Amino acid sequence: MYILGISCFYHDSSAALLKDGTIVAAAEEERFTRKKHDTSFPINAVKYCLQSQNITIKDISYIGFYEKPFLKFERVLSQHIELFPYSFKTFVSSMPSWINEKLRVPKIIKKKLSYTGDVLFIEHHLAHAASSFLVSPFKKAAILTTDGVGEWTTTSYGLGEGTEIHLMKEIRFPSSLGLLYSTITAYLGFTVNNSEYKVMGLSPYGTMDREKNPYYQKLTKIIDVKDDGSYRFDMDYFTYHYADRMPSKKLCRLLDGPIRNPESEITQRHKDIAAALQMLLEDTLTKILNHVYEVTRCPNLVIAGGVALNCVYNGKILSKTKFKEVWIQPNASDGGTSIGAASYIYHTILGNPRNYQQKTAYLGPEFTDDEISYFLNKNKIKYTEFRDEKDLIAKTARLIFENNVVGWFQGRMEWGPRALGARSILSNPCNLNMQEILNLKVKHRECYDDKTQILTKNGWKLFKDLTKNEAVATLNPETNELVYQQIEQKTEYKYSGKMVYFKNKRINLLVTPEHNIWAKKITNHSDSIYKNQFEFEKAINLVSRENVQIKAIKRWKGQEKKYFLLPRINRKKYSHLWQLHKIRMDIWLEFLGYYISEGCFCYDKGHHNIYVAQSLKSKHYEKIKKCLNKIYHWGYNSGSFKLSNKQLFEYLKQFGKAKDKFIPQELLGVSERQLKILFEALMRGDGTYRSKQYKYTTVSKKLADNVQELGLKLGYSVTTSKEVSNNPNHNDVYYVRLNKGSKTSYIRKNQSSLIYYRGKVYCVTVPKYNLLCVKRDEKIVFSGNSFRPFAPVVCEDDASKYFECDTPIPEATDFMLMVYPVKEKWRAKIPAVTHVDGSGRLQTVRRFQNKLYHDVIKEFGKLSGIPILINTSFNIRGEPIVCTPYDAYKCMMGTGIDYLAIGKFLVKREDNQNDLWDSEIYAKD
């Protein structure tokens, strides 16, 4: 008997096929249409399921649908009527899909599939429950389902026994843990029903302490949770029940700001909000599960629904509750309900016994070596062939060990949202730089070209000259304060592809398309929630855009210093000389500013002369004289102050001639008040002031860099231009222009473009405030890094050696559904998969599930000493995971994947130069 399950018309459309109770095929429609989270009728997924068994629609006994449309429509009508007129706009926009599709499911199924049999409708949360319990290893288990919303239900629990499922209690719309998580996802600027995992991944970067995180207590105001885990929302904080937006203005006020622009920088406040949300979700789920255990008294637990994909909490279930074992549907969100609908019909409605356990997620299409060979040859793709499986395993492991990024296309495609070793990208977790290499080559994160400099505690340096112990300047985006941070790691890599180029009088920057630029877009939005503000914008999104501005910092703390210690000279030789040692720092900074701008030194017949040029007619004459005489008594002769002093001479001679002048780096670390003293003294010397702009002129490149840094810390936006002298005997001249809090630097449409770049690119990772102070061609801007971690994969028998996991390790780890801490002794050895909190989103592999994948991991372990790989999804950013050989080859050639191991063939990217393209130009998150 064949039964077909279908899920569609909301998100993650899918189809699943059961043969006598066994899942023989399952796939989501997005893999075929290449449209992420495709909602359309899964005609391609259905065709695949039928073709996999060489059957037609006439062989299908029943079709199951994952919800009851009329019951759901009742809820939709009810909420819109209750909230009229606020809901009118959303009601009108939603009706066409209901009338044309959602209320006509039986007719659509019969028409599209030419099906004449029965279509059975299963309630949404019952389909979730069936998808987890009826294919689980348990004869009896407690059941929890929790998601956004089904017909009315958002959370339910019950008990499964044999083929029967009894859901005992439910929580109904509009209160919903899934919708709460989606609301905060939307507030944080991510895409709902797509990017909740990013919020989960962001949470460890926030304050994971309920007492210290200010947003945890704030979020508890919007949800009333009882001791049994039942909960109710204060709906004043939400708008999803009547509008096409989720957070209300009241929620924005509670969380101290407007909804984050999707392309802007992630600040510490956003990270703390994500952490608060995760803690609140965990607390609520723990209360629910402890209550479920008390009611059911069953040691086994199965869970499903979109919230069941929260692998951070899943890894804590057994330690925080009394349950002994847990099983989670690998496709726990709505895509998995097609399995649930089909299984419920076969076992519960028809009464057939359970004789199948879902031990693997490899249920999608596969391609024979002949099919792959035909594709490669037809498209004239250069490749080599492995001799046998042993050769495939050995060569692939060696390539990964040598730090190549390998696309892995083997066997049947995975079922669910995770890449599990059939359509994966594999790389070396032991390489400190591999996270950044993957971000660059595959995910195309933020990197700079080889002419970009970064501000360090030791001044401006090219990225290539940075040492690993360097401290670099970053901007705290909430306070606009400049902060130095130690580099965690530096990335340097060869790059060939499109880069975004910005160039005008104040900006000159060449970055990868994903790069974040600190900018402000001008909009005409009248809603006060959406105030114009400085944010981070992806470089690719600013190409050919107008009205983008550059921002200066507002705060610099520095260190207030009371005295400057002037080095003493050899007392034995100059014991007759009186020496000054302690000088008040304020006086010294003012003096040094005058000397650097207007001073020089000259040794003349035993006299150690020092001069500071200044005309008697200068308006600054008296001020400079007063300052100089607070250190020594100076004379005046022929347009200059003059002093003969060996001790001062010995210190000042380090500044050399005019072209060698500089400001000692330690003095650029003093407080903002003291920096202002130095700045004003410099400007009285070689500076000019006009129309709210200072201009400082010098022939010293190093001094120009120092003045840039000085002005930056005082809140000026700074640019430098260079006048090259035609006379080889004359020095080039540098003009440093400083505008206080300038907001006038627009990037016009013709000032940004995509250009081809071939060479090295660079970036660094810092602990927080991933907002780096960089410059190119003397133009200073701020841009950032990314936070996303990668997942480790390990063979099941090795997991407990490297991870602090439950024993025995739950089968849910096979589906990458649980996060566990990396054991402390191994964290430094596998840095590319160790998250900021020391954890990893673990996938385990058992040999019977995927022999090739298992053996490649083991072979890599023989080479590296650590049998763990990085496993990340094989896809172009913004697209679903690859399905066909064409998808895989296209992805490799559009990203930076080095090799593709596809069937028994190996394709090298560099061997197929004619097919190179840049996927980032077209990518959408």
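The expected span of a helix is 1.5 Å times one less than its number of residues, a yardstick that comes up in the second legend. The model is predicted, so local features are given only where pLDDT is at least 70 and side-chain atom pairs only at pLDDT 80 or more, while totals for chains, interfaces and linings use all residues. Residues are numbered from 1 along each chain as its sequence is written, and side-chain values use heavy atoms, with hydrogens and water left out.

**Figure 1. The whole chain, before zooming in.** There are 26 helices and 43 strands here; helices (H or I, at least four residues) and strands (E, at least two) are DSSP runs, numbered from the N terminus. The radius of gyration is 33 Å, close to the 29 Å that the globule rule gives for 925 residues, so the chain is as compact as a globular protein of that length. That radius is taken over C-alpha atoms, and the globule rule is 2.2 Å times the number of residues to the power 0.38. Along the principal axes, the C-alpha atoms fill a box of roughly 110 × 65 × 50 Å. Of the 925 residues, 61% count as buried, where buried means under 20% relative accessible area, exposed over 50%, and partly exposed in between (1.4 Å probe, protein chains only). Contacts (heavy atoms within 4.5 Å) with a separation of 6 or more come 71% from residues 24 or more positions apart. The chain exposes about 37,900 Å², and carbon and sulfur atoms supply 49% of that area; accessible areas come from the Shrake-Rupley method with a 1.4 Å probe, and for residues only the protein chains shown count as cover. As for charge, the chain carries 136 positive and 99 negative side chains, with the centres of the two sets 8 Å apart. Lys and Arg count as positive and Asp and Glu as negative, with His and the chain ends not counted, and each charge is placed at NZ of Lys, CZ of Arg, CG of Asp or CD of Glu.

**Figure 2. Helix α25 and what its buried residues pack against.** Helix α25 covers residues 851-864, 14 residues in total, and spans 20 Å from its first C-alpha to its last, close to the 20 Å expected at 1.5 Å a residue. Look for its buried residues: L852, Y853, H854, D855, V856, I857, F860 and G861. Those residues pack against α16 (389-401) and a set of strands: β14 (406-409), β15 (423-427), β38 (791-795), β40 (839-845) and β41 (868-873). Just after α25 comes G865, with a positive phi near 90°.

**Figure 3. S131 in helix α6.** S131 sits in α6, residues 124-133. With a relative accessible area of 1%, S131 is buried. Not counting residues up to four places away in sequence, S131 touches A304, W327, Q329, G336, I339 and G340.

**Figure 4. G459 in strand β17.** G459 belongs to β17, which runs over residues 459-462. This glycine counts as buried, at 6% relative accessibility. Leaving aside neighbours within four places in sequence, the contacts of G459 are I454, Q665 and E709. Bring P513 into the frame too: G459 and P513 are 54 residues apart in sequence and 27 Å apart in space, C-alpha to C-alpha.

**Figure 5. Two cis peptide bonds.** One cis bond joins F173 and P174, with omega about 15°. P174 is in the loop between β8 (164-172) and α7 (177-187). Another cis bond joins T807 and P808, with omega about -5°, and P808 is in the loop between α23 (799-802) and β39 (818-821).

**Figure 6. Positive phi at N403 and S638.** N403 is not a glycine, yet its phi is positive, about 70°. N403 is in the loop between α16 and β14 and counts as partly exposed at 28% relative accessibility. S638 also has a positive phi, near 55°, in a residue other than glycine. S638 lies in the loop between β29 (635-637) and β30 (640-644), and at 70% relative accessibility it counts as exposed.

**Figure 7. T39 and its contacts.** T39 is in the loop between α1 (30-33) and α2 (43-52), and counts as partly exposed at 32% relative accessibility. Beyond residues up to four places away in sequence, T39 touches C8, F9, Y10, H11 and S13. T39 and K503 are 464 residues apart in sequence and 42 Å apart in space, C-alpha to C-alpha.
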